[in-house]
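Biologist: I'm new to reading structures and would love a close look at one part, step by step. Could you walk me slowly through the largest pocket and then show me what lies beyond it?

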Amino acid sequence: FSDYLEKYPDGFFIAEANFYRAECEYARGLFDEALAGYNYIIGKSKSKFTEDALLKAAEINHQKKKNYTAAIDNYINLEKNADLKNNLIIAITGQMRLYYMTNDFNQSINTARRLLLQDKLSNELIQEAHLTIAKAALQTDSIALARQSFNKVISLATNEAAAEARYNLAYIEYRNSNFDESEKIIFQLINQVPSYDYWIAKAFILLADNYIEKGNLFQAKHTLQSIIDNYEGEDLVVIAK
C-alpha cells in the first residue's frame with residue numbers, strides 16, 4: 001500500500017490504499033501511523049470507509065493516546081455519519097463518557113439523555129446513562145435530579161452500579177445532615193447482594209462520618225478500625241487511618 005501511494009499519489013485507489021494500510025498498522029500496534037491514515041479518510045468526502053475510520057480514530061484517541069478532545073470530535077463526527085445503529089450508540093456513549101471524564105457535566109447529562117432515546121440499548125448501558133446523569137448532577141449541585149437518577153439506577157439492577165448509586169444517595173443525605181437516613185441507606189448497601197468490597201468500605205467511612213456528626217466517637221473509631229484491619233485496598237485504608 002505504501003508503494004502504491006508513493007508511486008500513484010493521486011491514484012484511483014488512494015482512499016483504499018490509505019484505509020487498508022491504516023488497518024494493517026492498527027493490527028500491528030502502530031497507532032500513530034494508523035491514525036494518520038484514518039484521518040486522511042475522515043478529511044475526505046464521505047465514503048464507504050468513513051464510518052470505520054471514525055470508529056478506529058475515536059478508539060485510538062480515546063484509549064491509546066488519551067487525547068480526549070480529539071476523541072470527542074471523532075465521536076461527534078461518527079454520530080453524524082453512522083449508518084450502523086451499533087456505531088451510533090458507540091458514538092453517543094463515547095461522548096457521554098468523555099464529557100464526564102473531562103468535567104463537562106452539563107454536556108455529559110445531555111448526551112446521556114440522548115443515549116436513553118435510542119432503542120435496543122442493553123440494560124447495562126441504560127444503567128450507565130442514568131448513573132452518569134446522577135453523578136454529573138451531583139457535581140453541579142442538582143440534588144433533586146441526582147437523587148432521582150440514583151434511585152433509577154437502583155431500580156434497574158443490583159450490580160456494582162446500584163452499589164455506587166446507594167453510596168451516593170447516602171452521601172447526599174449526609175451532606176444534608178440527615179444522618180439517620182444516611183445510615184439507613186448505608187446498611188442497605190452493606191446488605192446488598194451481591195456485595196462490592198470497595199463500595200462497602202467507602203460506605204463504612206461515610207458511616208463513621210455520620211457517627212462523628214452524632215457524637216458517637218467510640219463507634220466511629222471502631223468502624224474505621226474495621227476497614228484498616230480488613231480492607232485490602234490501600235487508598236481507602238489511608239483515608240480510614
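Which elements each supply at least two residues of the lining of the largest pocket?

Modeller: Happy to! One thing to keep in mind is that this is a predicted model. The elements you are after are α4, residues 50–64, and α6, residues 85–101, each of which gives at least two residues to the lining of the largest pocket. That pocket has a volume of about 230 Å³. Its lining is made of 14 residues, and the ones nearest the centre are Q63, Y75, I90, G94 and R97. Sorted by class, the lining holds six nonpolar, five polar and three charged residues.

Now let's see how the helices behind these residues are arranged. Start with α5, which spans residues 68–81 and packs against α6 at an angle of about 150 degrees, the two axes being 8 Å apart. An angle over 145 degrees counts as roughly antiparallel, so α5 and α6 are roughly antiparallel to each other. Where α5 passes α6, the crossing is left-handed. On the α5 side, the contact is made by Y68, A71, I72, Y75, I76, L78 and E79. On the α6 side, N87, L88, I90, A91, I92, G94, Q95, L98, Y99 and M101 take part. You can spot some familiar names here: Y75, I90 and G94 belong to this contact and are also among the residues nearest the centre of the largest pocket. By class, the contact of α5 with α6 has 13 nonpolar residues, three polar ones and one charged one.

Next, try α4 with α6. Their packing angle is about 25 degrees, and the axes are 11 Å apart. Angles under 35 degrees count as roughly parallel, so α4 and α6 are roughly parallel to each other. Their crossing is left-handed. From α4, the residues that touch are E51, L55 and H62, while α6 brings N87, I90, L98 and M101. This contact divides into four nonpolar, two polar and one charged residue. Notice that N87, I90, L98 and M101 of α6 are also listed in the contact with α5.

Between α4 and α5 there is a loop, and K66 sits in it. The phi of K66 is near 55 degrees, a positive value in a residue other than glycine. Here is the background that makes this worth a look: most residues other than glycine have a negative phi, and most peptide bonds are trans.

Shall we move on to what lies beyond? The second largest pocket has a volume of about 170 Å³. Its lining consists of D197, I200, A201, F204, S226, I227, N230, Y231 and E232. Two or more of these residues come from each of α12, residues 197–213, and α13, residues 217–230. With four residues, α12 gives the most to this lining. By class, there are five nonpolar, two polar and two charged residues around the second largest pocket.

Because α12 matters for that lining by count, it is a good helix to follow further. It packs with α10 at an angle of about 15 degrees, their axes being 10 Å apart. That makes α10 roughly parallel to α12. The crossing of this pair is left-handed. From α10, the contact is made by E160, A163, E164, Y167, A170, Y171 and Y174. From α12 come W199, K202, A203, L206, D209, N210 and E213. In this contact, eight residues are nonpolar, one is polar and five are charged.

Two loops in this part of the chain finish our walk. S177 is found in the loop between α10, residues 160–175, and α11. The phi of S177 is positive, about 65 degrees, although S177 is not a glycine. Then comes the loop between α11, residues 179–190, and α12, where you will find P194. P194 is joined to V193 by a cis peptide bond, with omega about 0 degrees.

Definitions and conventions: Residues numbered from 1 in each chain as written. Predicted model: local features only at pLDDT ≥ 70, side-chain atom pairs only at ≥ 80, totals over all residues. Heavy atoms only, no water. 1 Å grid on protein atoms, 1.4 Å probe; cavity = no way out; pocket = protein on both sides within 12 Å on 5 of 7 lines; lining within 4 Å. Points joined across faces, edges and corners; volume = space filled by probe spheres on them. Nonpolar A, V, L, I, M, F, W, Y, C, P; charged D, E, K, R; others polar. Axes fitted to C-alpha atoms, helices over the stretch in contact; angles between N-to-C directions. Parallel < 35°, antiparallel > 145°, perpendicular 65-115°, else oblique. Left-handed = near helix turned anticlockwise from the far one by under 90°. Contact = heavy atoms within 4.5 Å.
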